[in-house]
Structure formats: C-alpha cells, structure tokens
Amino acid sequence: MDEQFRGRARAAIVGTLLLLLSIYAPAASAQTFAKGADVSWITQMEASGYRWYNDNGTQQDVLQILKDHGMNAIRLRVWVNPSGGWNGVNDVVAKAIRARNAGLRIMIDFHYSDSWADPGKQTKPAAWASHNFTQLMNDVYSHTFNTMTTLATNGIFPEWVQVGNETNNGMLWEDGRASANMRNYAWLVNSGYDAVKAVSPNSKVIVHVSNGWDNALFRWNFDGLRANGARWDIIGMSLYPEPGNWQTLVGQTITNVNDMRSRYGKGVMIVEVGMSWDQATASKAFLTDIITRSRNAGALGVLYWEPQAYNWQGYSKGAWNTNGRPTIALDAFIEGVIPQPPGTIITLQENLTGFCGVDGTVDSNNPGYTGTGFANTNNATNAGVRWRVNASAAGNFTLQWRFANGTSGNRPGSLRVNGATISTVTLPATGAWTTWTNTGAVTAALRAGANDIALVATTSGGLANIDSMTVTGNGISATACN
Ligand code: GCU
Ligand code: CA
Ligand code: CA
C-alpha cells in the first residue's frame, strides 16, 4: 500500500491427500498476462453496507465489475490473528471461494503479522512474540501450511503465493530484519516456500518488495536472499506513482523488471499499483503504460491494490468514484481488445467490446438475455446495432445473433459489413420478448484488421431485440468502440 496510508493505518489501529488433490487442481494459466486487483477489503466493506455499481449504475457483485473491466485475477492478504477476524483464514477462504467461483485466478499474500506488514513495519504476530528464531521458522511454516491446507480442502490451489509483504528489509522484526541478519530473512522465506510447496507444488512463490523503480533496493534484497540460499519463483513489485512522476517511475520500473529477469532468471510481477482516485485521467494513462510496457518486458501481470475502496478508511488510491461506480482509470485494464486464440468463437455482449452503437437503447426490460442487456432498436426502418470485429487475416467468418421477438411477425435485418449489404437475416416471432433464440448462421467475408458490422432493420417495425452477436473463425478479436 502507499506510504501515506501506511502511516495512517499504523496510527489507527493432511499432506498426502492434499498432494493428490492438487493433481486435480486446474492447470495454471501461466501463458496469460494477469490483470487483477487486491480486493481484501470487500467482505468488511460489504458488512459495513458498501455496494458497487457498474458503469451504467446497476448494482453488481464487485468481482463481476472487475471482470467486465478486463481483470482475471484476485489477490487476498492473510493476517495471522487479526482483531475482528478480517483477513484471518476464514475470511480469506470465503473470498477465495467467491473468486474461484467467478473464474478468477488467485494470489494469496502472507503478511506474517496480525495487521499490516510493509517496509516500515514487520511486527510479529502477538502469539509468536516471545518465540526464538527456530520457533519462528516453525511458526511461518505451520501458519502457511495450515492456511494453504484450509484453502486446499476447499479446492483452492492458488496460482501464486506471496511469502511476506513488502519485505524490503525482511520480515518478523527483529529476528528477520534483513539489514541485521540476511540469513534469517532468507531462512524465513524458505520456511514459507517449503510450506506452500508441501500443500500446493504448482503454486508460484513470490517475494515482494515495494518501490519497483528502486533497482538498488531490489538488487540488495535479492542478492542477499540468493547468497543465503533462499528459494522463490517470482519477484513481486509495488508501484504508487503520482500524476507528475509516473512516466519517470514506470521507465525505471521497466528497467528494473529487465534487470531482475536477467539477473536471477525468475519471473517478475507488478503485484500492487495505485494512484489517487480523483486523478483518474493520469491514473488511466499510468495503468495503460505499465500494463503495456511490463507485458512487453516479459512481466507476468499487473494488479491494482483495493480499487473498489471509496470513502473507506481514509484510503484515497482506489479507482472508484464516490457514487459507487468505477473511475475511468479502471478502463485501462480492458485495453480495448480482448485477444483471442486461433479458432475461437467470440460472443459480443453490450458491455466491454459490445455494441458500437444502437439506434435506440441498450435495454433490460425483458429478462432471459445474457450479459446485462440487449439492443432495443427504434421501431423504424434502418434502425440498427453495430459491432467492431478485428480479423488477423482476411477470410470467411460465421456470424449469428441471439434475439427475441414478441410480435407475431418477422422483424428482419440486413447484414452490412464495412458498408456493403451482405444478406438478409430473418428474425421471426419467438413467441415472447422473454424467449431468446439464435438466428441461422451467416457467412461473411471480413478484411484483415477492423471491420464494421451492422444489423439494420429493413422494415418499419425495427429489429427484434438483439442480445449479442457471435463470430466464429480463426484469428478474430473485438475492439471497444469508445
Ligand atoms: C416491447 C418490448 C421491447 C421491444 C418492443 C418492440 O416494448 O418490451 O423489448 O423492443 O416491444 O416492439 O420493439
Ligand atoms: Ca424495439
Ligand atoms: Ca446481452
């Protein structure tokens, strides 16, 4: 978390079976760049009455809103024995189950403290305070092992696990203070590493240091760990720039990403970013830049820290407006394009890469559609709905529409690709406005690059209601039009 908040917060406040289970754990999608958020506060916020709204002002599960903004991963911190229970193991498991059920990838972040651990504060859990160093290694092992086991018995094998949080100068002070005893720090890291792998061998272990631009700090920390035999898989970085310095700091962070990758031969991930919620334009530019450039530099992902926080505990670096809707900064994670592997089917809903224009409204007055709504065109000839589809090469593609027509007659459309009329699409009566069905498939030749696709009413009744369009073919993707 950022320095300012850290100060305020400081003031305020089964082995074998599991190995078998882990074989059946979903394969880590290591090839995909992770884009996500630490959302550890959500349960506590919900318990305080907080709710979240999408860009259109409709209340939704916050995880759905994040997914609709291009995110695919969630990070959750673990405290050992927190007062009130928030971020204790039960709370973490509840959130992890939610994330798993939402199809999100999961990162677990062990703080090895009862509260915030960060560069200025690595306080031992009260229960471990009088333990000697050997006991502390056992404490780290058993706390990590037990938490991982509880997750595993719920079918959760996190893709990533952080051993320590922002351990710029080690953890579990004084014993594990890196500047005083680098060996102790390294051995504590190994205690956590071994416990993670004992329960979930496929999980990647992250050691996390703040100030991603500070190459000297990273070299000192990881050189020390390496010299003392520490094991880790990924180097994690935080990055909280200001509107006036993000360009410089992103540049230095990319330099550091390159250096860390070549120096240690390990993966690198930007596990925390943030900027003031009321600097959304600068924040969006910063996020767009760090996502693009860190991916190009071979980093594994970018995660925003508690973007859903608004009017909450004095934290000002979320990405949410006070009306409960995301700021435009969050759009940086959409990146305009949803990349698709070859041979894919993409179904374009009204959100994200959805409708590029509706002559009428994006409506939800009838249930049964997918996504959050459908195109309800004006009842007029030439009223239509448009999409933008990219093809990596010119070729034939198959188009289909999901529609409902509660009248007794056809509400036909004309398919136009890049302005040319291709064919007529019948949209016959489906019996009710709540009965959705697919049109027949239509083949259309698309050109390489962006294609403008429109379905336009050919009769004065307008189109039937259109829920979505599906495109099938090799090398296609969609681009948002805003
Ligand atoms: C009804 C129905 C709409 C539909 C409209 C129409 O109002 O609720 O969803 O678009 O009829 O006739 O086009
Ligand atoms: Ca209509
Ligand atoms: Ca829809």
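Two strands count as paired if DSSP finds at least two bridges between them. Keep that cut-off in mind for the strands below. The model on screen is predicted.

**Stop 1: strand 17 and its partners**

Select strand 17, residues 395–404, and strand 20, residues 437–438. Two bridges join them, and they run antiparallel. Two bridges meet the cut-off of at least two, so these strands count as a pair. Now pick Phe-403: Thr-437 in strand 20 stands opposite.

Add strand 21, residues 442–446. Strand 17 joins strand 21 through five bridges, again antiparallel. Click Phe-397 and look across to Ala-444 in strand 21.

Then add strand 23, residues 465–473. Here seven bridges link it to strand 17, and the two run antiparallel. Trp-401 faces Met-469 of strand 23.

What holds such strands together? Strands of a sheet pair through backbone hydrogen bonds, either parallel or antiparallel.

**Stop 2: the barrel**

Next, show strands 1, 4, 5, 6, 7, 8, 9 and 10. These eight strands form a closed barrel in the order 1-4-5-6-7-8-9-10, with parallel pairing. From one strand to the next, the twist averages 25°.

Zoom in on one pair of the barrel. Strand 8 covers residues 234–239, and strand 9 covers residues 267–273. Six bridges join the two, running parallel. Select Leu-239; its bridge partner in strand 9 is Val-273.

**Stop 3: helices over the barrel strands**

Keep strand 8 visible and add helix 8, residues 215–227. Helix 8 lies across strand 7 (204–209) and strand 8. Its direction is about 135° to strand 7.

Bring in helix 9, residues 246–264. Helix 9 lies across strand 8 and strand 9. The angle between helix 9 and strand 8 is about 170°.

Now select helix 7, residues 182–199. How far apart are its end C-alpha atoms? They are 26 Å apart. That agrees with the expected span, because 18 residues at 1.5 Å a residue should cover 26 Å. Colour helix 7 by accessibility: 14 of its 18 residues are buried, so the helix is mostly covered.

**Stop 4: calcium ion, ligand 3**

Select ligand 3, a calcium ion. Which protein atoms are its donors? They are Gln-349 (OE1), Glu-350 (OE), Thr-370 (O), Gly-373 (O), Asp-467 (O) and Asp-467 (OD). These atoms lie 2.2 to 2.8 Å from the ion. The six donor atoms subtend angles of 72 to 162°, so the arrangement is irregular. Along the chain, the donor spacing reads Q-E-x19-T-x2-G-x93-D.

Glu-350 and Gly-373 link distant parts of the chain, 23 residues apart. Find Glu-350 in the loop between strand 12 (344–348) and strand 13 (357–358). Gly-373 sits in the loop between strand 14 (360–363) and strand 15 (374–377). Are these two buried or exposed? Glu-350 is buried, with a relative accessible area of 12%. Gly-373 is buried too, at 0%.

**Stop 5: calcium ion, ligand 2**

Finish at ligand 2, also a calcium ion. Its protein donors are Asn-376 (OD1), Thr-377 (O) and Asn-379 (OD1). They lie 2.2 to 3.0 Å from the ion. In sequence, the donor residues are spaced N-T-x1-N.

Compare two of these donor residues. Thr-377 has a relative accessible area of 2%, so it is buried. Asn-379 reaches 52%, so it is exposed.

Key
Residues numbered from 1 in each chain as written. Chains lettered and ligands numbered in written order. Predicted model: local features only at pLDDT ≥ 70, side-chain atom pairs only at ≥ 80, totals over all residues. Heavy atoms only, no water. Donors = N, O, S within 2.8 Å, 3.2 Å for Na, K, Ca; no water. Tetrahedral: all angles 85-135°; square planar, octahedral: opposite > 155°, others 65-115°. Helix = DSSP H or I, 4+ residues; strand = E, 2+ residues; numbered from the N terminus. Buried < 20%, exposed > 50% of the residue type's maximum accessible area, 1.4 Å probe, protein only. Expected span 1.5 Å × (residues − 1). Axes fitted to C-alpha atoms, helices over the stretch in contact; angles between N-to-C directions. Contact = heavy atoms within 4.5 Å.
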